[in-house]
Amino acid sequence: MGQNHFTIRFPLKTPADSKALAEQLPPLMPSLFQAADNIGTIHASRFTILDEKTLLFLADFDGELSPLMRDLAEQAGPVFDAIFQHVDNPPSTPVGKNVDAFVEWTADHLLHAATLYSAYPDVTVKQIKAFATAAGVSGGSKQLPFLVILPIKSRLAYVEVELLLRARSHKTQRDLATVGTPHFAQFVPLGNNRVGFFTVYDGPFDKYIADFTKDIGKVFDLIFKFTKDPPPSPCRKHVQEFIDFAAGANRDPIGFYQAYPGLSVQDIHALIADNTPAKAA
């Protein structure tokens, strides 16, 4: 059972609906987190307001999308009922009694990533938790989300960026592994000449960015050729300018769920190594 990622787009009726959701969603997050714990296949998730008429829901998870959406409908239906009050052309509600409609709607509103990365793609949430419990490891790190939206100059440039990202996906994955602190990362074409770069990483932020620009700055140097008002390149020589640009392009998360908070990428790699049978000489 492999890992996967989803980014689901919720088209909102009006700008007022995005403001309303920014206020209404945070109090609903404990129930969503409890559902995620019960389901046991979600590594990390978060909502974010993309713009005045778009809400995004992102998650890194084990297995296939449809069973997860079915589980979310059954265990966190009221959260999505609240969201769909603000959505243009929503599925039938309540979600918990219209599970098939919810599953089909989410499939129709799925945005497909151009690059997917996981630091530990072959282990599940349940395995990581079991390894940590058996070893008595809780970790002392802090996982953080990074949600950067890159505005692309034109429709043609947007197409070129998507093709570029897909063509160098394997190299980008290798570069991300070199950084050593991202748990998950995706480049996701969002439509309307925008590309999202979404990560869950080990803090602190300044160290992450310094390592990040050194090891994966090249892909951003390429994207910035097509980006509106980019920072100076190469990124590795203009770290502060990159930080300033990223801060301005970043979106605040709503409800950042972590299945195993406190565990760093290196903690998880060590746990996996300790639970991998030694190969015969």
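Guide: A residue is buried when its relative accessible area is under 20%, exposed when over 50%, and partly exposed in between (1.4 Å probe, protein chains only). Strands are DSSP E runs of at least two residues and helices are H or I runs of at least four, numbered from the N terminus. What you see is a predicted model, in which local features need pLDDT of at least 70, side-chain atom pairs count only at pLDDT 80 or more, and totals for chains, interfaces and linings use all residues. Residues are numbered from 1 along each chain as its sequence is written, and side-chain values use heavy atoms, leaving out hydrogens and water.

Visitor: Thanks! What makes strand β3 mostly covered?

Guide: The strand holds residues 54-62, and 9 of its 9 residues are buried. Both faces take part: Thr54, Leu56, Leu58, Asp60 and Asp62 are buried on one side, and Leu55, Phe57, Ala59 and Phe61 on the other. In a regular strand, side chains alternate between the two faces of the sheet.

Visitor: How do you know that β1 and β3 pair?

Guide: Two strands pair if DSSP finds at least two bridges between them. Strand β1 (residues 3-11) has 9 bridges to β3, in the antiparallel sense, so the condition is met. Arg9, for example, stands opposite Leu56 in β3.

Visitor: And how many bridges join β2 to β3?

Guide: There are 8, between antiparallel strands, with β2 covering residues 42-51. Phe47 stands opposite Phe57 in β3, and a hairpin of 2 residues links β2 to β3.

Visitor: Ser45 is in strand β2; why is Ser45 put in its accessibility class?

Guide: Its relative accessibility is 3%, which falls under the limit, so Ser45 counts as buried. Beyond its neighbours within four places in sequence, Ser45 is in contact (heavy atoms within 4.5 Å) with Phe57, Leu58, Ala59, Gly255, Phe256 and Tyr257.

Visitor: Is Gly139 buried, partly exposed or exposed?

Guide: Its value is 36%, between the two limits, so Gly139 counts as partly exposed. Gly139 belongs to the loop between α5 (125-135) and β6. Setting aside neighbours within four places in sequence, Gly139 is in contact with Gly262, Leu263 and Asp267. Its C-alpha atom and that of Pro94, 45 residues apart along the chain, are separated by 39 Å.

Visitor: What angle do the axes of α3 and α4 make, and why does it earn its name?

Guide: Axes here are lines fitted to C-alpha atoms, for helices over the stretch in contact, with angles from 0 to 180 degrees between N-to-C directions. Helix α3 (residues 65-84) and helix α4 (residues 99-108) cross at roughly 95°, their axes coming within 9 Å. Angles under 35 degrees count as roughly parallel, over 145 as roughly antiparallel, 65 to 115 as roughly perpendicular, and the rest as oblique. The two helices are therefore roughly perpendicular to each other. Residues making the contact include Met69, Phe80 and Phe84 of α3, and Phe102, Val103 and Trp105 of α4.

Visitor: What is the order of the strands in the open sheet?

Guide: The 4 strands run β5-β7-β8-β6, with antiparallel pairing. The edge strands, pairing on one side only, are β5 (115-118) and β6 (143-151). From one strand to the next the twist averages 15°. Helix α8 (residues 205-223) packs on the sheet and touches β6, β7 and β8, its direction making about 150° with that of β8.

Visitor: What holds for β7 within this sheet, covered or not?

Guide: β7 is mostly covered, with 9 of its 10 residues buried. Antiparallel bridges, 4 of them, join β5 to β7, and Tyr117 stands opposite Ala185 in β7. Strands β7 (residues 182-191) and β8 (residues 194-202) pair over 8 bridges. Bridge partners in β8 are Tyr201 for Pro182 and Val195 for Pro189. Their hairpin has 2 residues between the strands, and Asn192 there takes a positive phi near 50°.

Visitor: Which residues touch the most other members of the largest nonpolar core?

Guide: A nonpolar core is a set of buried Ala, Val, Leu, Ile, Met, Phe, Trp, Tyr and Cys residues joined through side-chain atoms within 4.5 Å. Among the 84 residues of the largest one, those are Phe10, Phe47, Phe80, Ile83 and Phe220. Helix α3 gives the most to this core, with 10 residues. Another core, of 9 residues, lies apart and includes Leu56, Leu147, Ile149 and Phe198.
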